[in-house]
Each structure stands twice: as C-alpha cells, then as structure tokens.
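Colleague: I would like a close look at a single part of this chain, with its surroundings described afterwards.

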Amino acid sequence: MRKILIISLLALASCQKKKADLGTFDQKTFRTDRGGCEGKREKLIEELKTLKPKILGLTENQVIETLGRYDFQILSRRNEKVFVFYLEKGPHCEVIQNPTQARSMILYFNAASLVKEVSFQFGSPVE
C-alpha cells in the first residue's frame, strides 16, 4: 500500500505543468493583439523567430498560456492540430475565415500535443 502511495505521489509530481520560458518576450502584447489586427504583433516577429527553438516541444496548454488563444485552428487528417497565429492585419480581421496573405506563425503539434514544427509564412497553411 505504501509503495502505491509513493508511486502515485511521484507520478503526480511529474505531471505538474511547467511554465514556458520565453525570456523577455512581451507575451501580454502578443496575447492582446488578436489576429494581429492592431499591429502590435508585427513588432514582435523577429523576436518570435529567435524563440523558435524554445517554442518547439511546448505543450498545447503551455502555448495557450504563453501566447494566448490561437487565431485559427486546423485539425489534420492524422488527428494532429495546427495553430495559426496571424502576425499582421489582413482580410482575416473582418472575418477570420477570409483568405489572407498576412504573415502568420504556424504551430504544428504531434499526436502527444507537443509543438513539433514552427513555421513563419504568408497566409494560412493549405490542408
């Protein structure tokens, strides 16, 4: 019985969520500029590109806690999630489904809900 309790406590301790460490990145500004429609995210693009290695491996919950709710989500055929964060103003500011060529950051998650790829591009990914 005691062994089960100790194992349970160790398992519980290992499940505690860690905060994502993005250094001095202005998370508040990023989170409050939904869709990049206020032009605040545009100033953070170069810093985001340097943070790419730190974003890789983050959990879905860490991403949402750090960067805020994604602007657009895609579920791939293999049950993998894709989060789209628009980085500048575009037609998507009127209606999020509008086609756009605005700069975006795309986060691809694996089946374990960890970021496996970070991509910077114009527009949304084609699925």
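Is C93 buried, partly exposed or exposed, and what is its relative accessibility?

Modeller: Before the answer, note that this is a predicted model, in which local features need pLDDT of at least 70 and side-chain atom pairs count only at pLDDT 80 or more, while totals for chains, interfaces and linings use all residues. Residues are numbered from 1 along each chain as its sequence is written, and side-chain values use heavy atoms, with hydrogens and water left out.

C93 counts as partly exposed, at 24% relative accessibility, where buried means under 20% relative accessible area, exposed means over 50%, and partly exposed lies in between (1.4 Å probe, protein chains only). Its partner in a disulfide is C37, with the two sulfur atoms 1.9 Å apart; a disulfide is taken here as a pair of cysteine sulfur atoms within 2.5 Å, and by this rule the count comes to one. The link of C37 and C93 is left-handed, with -100° about the S-S bond. C37 lies in the loop between α2 and α3 (45-50), and C93 in the loop between β2 and β3, so the disulfide ties together parts that are 56 residues apart in sequence. C37 is also partly exposed, with a relative accessible area of 26%.

As for the setting, the protein chain has five helices and four strands, which follow the pattern α-α-α-α-α-β-β-β-β along the sequence; helices (H or I, at least four residues) and strands (E, at least two) are DSSP runs, numbered from the N terminus. Of the 127 residues in the protein chain, 38% are buried.

Two of the elements that flank the cysteine loops, α2 (27-32) and β3 (103-109), are among those that cover the buried residues of α5, as are β2 (81-86) and β4 (115-122). In α5 (residues 60-67) the buried residues are E60, Q62, V63, T66 and L67, and seen down the helix axis they fall within an arc of 160°, so they line one face of the helix; the arc is that of the directions from the helix axis to the C-beta atoms. After α5 comes G68, whose phi is positive, near 90°.

On the far side of the loop that holds C93, β3 runs antiparallel to β4 and is joined to β4 by seven bridges, two strands being paired if DSSP finds at least two bridges between them. R103 has F122 in β4 as its bridge partner. The hairpin of β3 and β4 has five residues between the strands, and S113 in the turn has a positive phi of about 65°.

Note on methods: Contact = heavy atoms within 4.5 Å.
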